[in-house]
Amino acid sequence: MSLPALASLRDLDGARVLARLDLNVPVANGKVLDDTRITAALPTLRWLMERVDVVAACSHLGKAKGSPDPAFSLEPVAGALAKALDRPVRFVPDCLDPSRADAAPGELLLLENLRFYPGEKANDPEFAARLTAPFSHYVNDAFGTAHRAHASVVAAPALYAVGRKAAGFLMAAEVAALSRVVNDPEQPYVAVVGGAKVSTKTAPLEALLGRVRTLLIGGGMANTFFLAQGLEVGRSLVEEEMVATALQVMDAAAQRGVVIDVPSDVVVADAIEGASRIEVVANNAIPADLMVVDIGPETRVRYARGLASAKTIFWNGPMGVFEVDDFAAGTLAVAEAIADSSAFSVVGGGESVMAIRRAGVFDRIDHVSTGGGASLEFLSGETLPAIAALEV
Ligand code: ADP
Ligand code: MG
């Protein structure tokens, strides 16, 4: 099984292509706040528009609930897309509009939010058949949605034969980079996992144990590991109900000879916003009235050293509340250590990618994954439904 590349598409003369993209960008007051996903879609769109007369882009946006909702309209994206592509973009205000495959020369079509129809999330074959009816070819470049069994990414490609469906460049790049860290990664493989909670990352944590040599833990999730080791965490964010899971992860690691490293020192504060007390303490001396907000300076150096000798690195989840300047040092130190290392490096996760940008090291990471949930599921060794639906 392999993913069909764009170059495998046949009969492009007179073709009408439906391109499923991930244009789920943050929008406020009709303005696109972050165009990362628009930029990521451009190579595939450009490739198609150079070869095909009719290209219609489609996507979901936000948490639309199966009926039209102006708050989740893709209309603001049309302007941003036109600017980025330097081509006219005609917005089609209903993804099933009869004119959705009628493009003027050089024009891109952008269909309204797929989730305005309940059939999208229900993976309804009838909705997929209606959506795709005027299109001769199908391209999926929406890696961020690949872990969802929705109509536009699962039922839709099932309607296309070999040579008529393909993965876009972004999808292909994501799958290639993530496959490299899942299948036979070069050792030593060091993973850094942080972020708020253990509960949202149990499966990837367990999957990583089968592959990595060292797992560096940071962020709020370290607090749960502290608790599991009998340490006190004061007023920190912690998940008591995940202590058993943390113990299981530590056990499994010990059995496999994987080193699990937790912060030996931490930054603690009395508040996240407007803190008046900020201290560095050892992990066995966290004051009862303070909370952990970052890894400490000793841990930063130790983690950086561990990353320096790695040949493969995966990072997900910030080391602290990096949104607040005073608590960003740990996250920025890890970002810089990864950028400095010669390892093949992959970073995934919404906040982690923001941290990479803030650290100014985006271009020094081998692969920055745009798909948060999708990349974690891929990393957990799961078959993503949208990828399975494209494979031939
Ligand atoms: P990602 O989006 O990269 O997968 P998560 O969503 O899991 O990461 O977690 C990111 C959030 O975790 C950040 O907003 C950050 O403020 C928070 N966080 C990190 N460390 C702590 C901590 N010690 N206490 C509370 N929140 C934390
Ligand atoms: Mg997040």
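This text leads through a predicted model, beginning with a parallel sheet, moving on to a buried strand and its partners, and ending at the bound ligand.

A good place to start is the open sheet of 6 strands, whose pairing is parallel and whose order, read across, is S5-S6-S4-S1-S7-S8. Strand S5, which spans residues 89–92, and strand S8, which spans 165–167, form the edges of this sheet, since each of them pairs on one side only. On average, neighbouring strands in the sheet are turned by 25° against each other, when direction is ignored. At the S8 end, the pairing with strand S7, made up of residues 137–140, is parallel and rests on 3 bridges; to locate this pairing in the model, one can look for Tyr138, whose bridge partner in S8 is Lys165.

Further along the chain comes strand S9, which covers residues 189–193 and is mostly covered, with 5 of its 5 residues buried, that is, with under 20% relative accessible area. The burial extends to both faces of S9: Tyr189, Ala191 and Val193 are buried on one side, while Val190 and Val192 are buried on the other.

What does S9 pair with? Strand S15, formed by residues 312–316, runs parallel to S9 and is joined to S9 by 5 bridges, and within S15 the bridge partner of Tyr189 is Thr312. Strand S10, formed by residues 214–217, also runs parallel to S9, here with 4 bridges between the two strands, and in S10 it is Leu216 that serves as the bridge partner of Val192. Between S9 and S10 the chain passes through helix H6, residues 202–209, in a β-α-β crossover that is right-handed.

The last stop is ligand 1, which has 18 residues around it, and of these Lys201, Val292, Glu323, Glu351 and Ser352 come nearest. Among the elements that contribute to the shell, strand S14 (291–295) and helix H11 (350–358) each supply at least two residues, and H11 gives the most, with 3 residues.

Several polar atoms of the protein can be placed against those of the ligand. A polar side-chain atom of Glu323 lies 2.4 Å from an oxygen atom of ligand 1, whereas for Val292 it is a backbone N or O atom that lies 3.1 Å from a nitrogen atom of the ligand. The backbone of Gly220 likewise offers a polar atom, at 3.2 Å from a nitrogen atom of ligand 1. Taken on its own, ligand 1 has 570 Å² of accessible area, and the protein covers 83% of this.

How values were computed. Residues numbered from 1 in each chain as written. Chains lettered and ligands numbered in written order. Predicted model: local features only at pLDDT ≥ 70, side-chain atom pairs only at ≥ 80, totals over all residues. Heavy atoms only, no water. Pairing = 2+ DSSP bridges. Axes fitted to C-alpha atoms, helices over the stretch in contact; angles between N-to-C directions. Buried < 20%, exposed > 50% of the residue type's maximum accessible area, 1.4 Å probe, protein only. Right-handed = clockwise from strand over helix to strand, strands pointing away. Near = heavy atom within 4 Å. Polar contact = N/O pair within 3.5 Å; in protein donor to acceptor, adjacent residues only side chain to side chain. Areas by Shrake-Rupley, 256 points an atom, 1.4 Å probe, with all protein chains shown as cover.
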